[in-house]
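User: Hi! I'm new to this one and would like a friendly walk through it. Can I throw some short questions at you?

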Amino acid sequence: MECELAQQKIALFAYGELPDDQCHALEGHLVTCRRCQEEFAAVQALQQAMALAPTQEPSANLLAQARLRLEEALDSMPRSSWLMRVQQSIFRGISMLGRAPVAASALLVLGVASGGWGGYQAALRSHRLPAELPAAIAGPGTIASVSSITRKPNTENVEVHFTRLVPETAQGSLDDSQIRQLLLIAAQSNVNPVAQNSLRLLAGECLAGHECSDGPIRKALLVALRYDNSGAVRLSALNGLKPYVAEDIRVRDAVLEALMSDEDATVRLRAIELLHPVEADSSVIKVFQTVATEDDNPHIRTVSREVLDRATEIQ
């Protein structure tokens with residue numbers, strides 16, 4: 001195996017992506033080639049540096065919001081033109097890699113190197129201890145950032161310009177746009193009591209018939225109904241979505257999903273009540289047929305059969 005080909009495969013080998021039939025040949029080449037040994041050692045060092053960076057998992061609410069936005073974007077995108085663009089992109093990428101395998105390998109190594117260095121720097125920053133602030137700059141609010149530092153000539157004195165985060169409070173009606181925006185931000189908070197309280201307030205506004213059009217508030221309730229860990233919060237979100245079951249297919253699907261899979265029997269029973277305006281719909285009937293025979297709760301099975309009997313009489 002030549003060095004040029006070996007160096008194209010070193011990064012894949014380090015990350016366990018190289019096929020088994022090619023690993024043996026590369027290992028044999030590394031035994032005899034010092035240049036490739038150094039290249040492999042460098043890739044391993046970058047791999048270890050990248051492992052130092054802490055992995056931060058996104059919150060469940062953020063993931064759910066992203067999924068909803070992705071679904072909406074895909075629904076609004078013309079399917080034929082999207083498929084055509086994907087095909088063109090794939091064929092163009094394969095063609096470029098076929099003409100320039102060395103360049104592709106170089107880009108791969110460069111990407112690994114950049115990511116590793118960035119991860120290493122992030123790890124160093126995360127392990128630095130916060131500076132102890134003297135009483136002279138102690139004050140309300142956390143120091144957010146330092147904007148500039150100027151040293152006075154021929155002295156040990158420096159002038160540091162910094163900004164400080166100061167907690168603020170807002171008061172107003174639940175119908176106020178700014179208050180609602182703060183509630184939506186709180187709904188995505190990692191602090192569970194704050195997020196749950198915000199979602200209950202937003203759901204109450206929708207249930208009361210206040211302005212709750214097809215926008216961020218309704219999306220936040222859909223996210224909570226599908227992904228919140230608290231049965232009480234899911235029930236509040238379900239109640240807030242009640243006015244839109246008949247008119248919004250996304251809300252109807254979310255309520256049907258809750259009826260099928262929510263672990264809280266109270267939520268499932270409430271979902272049955274909310275589906276009353278559309279219980280004669282064919283897709284709703286199919287779900288009730290499944291629940292009537294497969295749900296673990298005998299009361300829910302009985303109520304589902306009653307719904308099916310009413311739907312049959314209507315038809």
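User: At roughly what angle do the axes of helix α11 and helix α13 cross?

Analyst: Happy to help! This is a predicted model, and in it the axes of α11 (residues 249-261) and α13 (residues 282-294) cross at roughly 10 degrees and come within 10 Å. That angle is under 35 degrees, so α11 counts as roughly parallel to α13.

User: Nice. Which residues make the contact?

Analyst: From α11 there are R252, L256, L259 and M260, and α13 brings V284, V287, F288, T290 and V291. Sorted by class, the contact of α11 with α13 has 7 nonpolar residues, 1 polar and 1 charged.

User: What does R252 form a salt bridge with?

Analyst: The partner of R252 is D281, with the closest N and O atoms 3.6 Å apart. R252 sits in helix α11 while D281 is in the loop between α12 and α13, so the pair ties together parts that are 29 residues apart in sequence.

User: And is R252 buried or exposed?

Analyst: R252 counts as buried because its relative accessibility is 12%, and the cut-off for buried is under 20%. D281, at 27%, is partly exposed.

User: How many salt bridges does the structure hold?

Analyst: There are 9 salt bridges in the structure. One of them joins D248 and R218, whose closest N and O atoms are 2.8 Å apart. That pair links distant parts of the chain: D248 is in the loop between α10 and α11, R218 is in helix α9, and they are 30 residues apart. Both D248 and R218 are buried.

User: Which residues are linked in a network with those two?

Analyst: R250 joins R218 and D248 in a network of salt bridges.

User: Where do E38 and R34 lie?

Analyst: Both are in helix α3 (residues 34-52), 4 residues apart, which is about one turn of the helix. E38 forms a salt bridge with R34, and their closest N and O atoms are 3.6 Å apart. E38 is partly exposed at 48% relative accessibility, whereas R34 is exposed at 62%.

User: Switching topic: what pLDDT does the protein average?

Analyst: The average is 75, and 70% of the residues score at least 70. Among the elements, helix α12 has the highest mean pLDDT at 93, and helix α6 (residues 101-127) the lowest at 50.

User: Over which residues does pLDDT stay under 50?

Analyst: Residues 94-109 are one such stretch, with 10 contacts beyond four places in sequence in the model. Residues 123-133 are also below 50, and that stretch has 4 contacts beyond near neighbours in sequence. Where pLDDT is low, the predicted coordinates should not be read in detail.

Methods. Residues numbered from 1 in each chain as written. Predicted model: local features only at pLDDT ≥ 70, side-chain atom pairs only at ≥ 80, totals over all residues. Heavy atoms only, no water. Axes fitted to C-alpha atoms, helices over the stretch in contact; angles between N-to-C directions. Helix = DSSP H or I, 4+ residues; strand = E, 2+ residues; numbered from the N terminus. Parallel < 35°, antiparallel > 145°, perpendicular 65-115°, else oblique. Contact = heavy atoms within 4.5 Å. Nonpolar A, V, L, I, M, F, W, Y, C, P; charged D, E, K, R; others polar. pLDDT = per-residue confidence, 0-100. Salt bridge = Lys/Arg side-chain N within 4 Å of Asp/Glu carboxyl O. Buried < 20%, exposed > 50% of the residue type's maximum accessible area, 1.4 Å probe, protein only.
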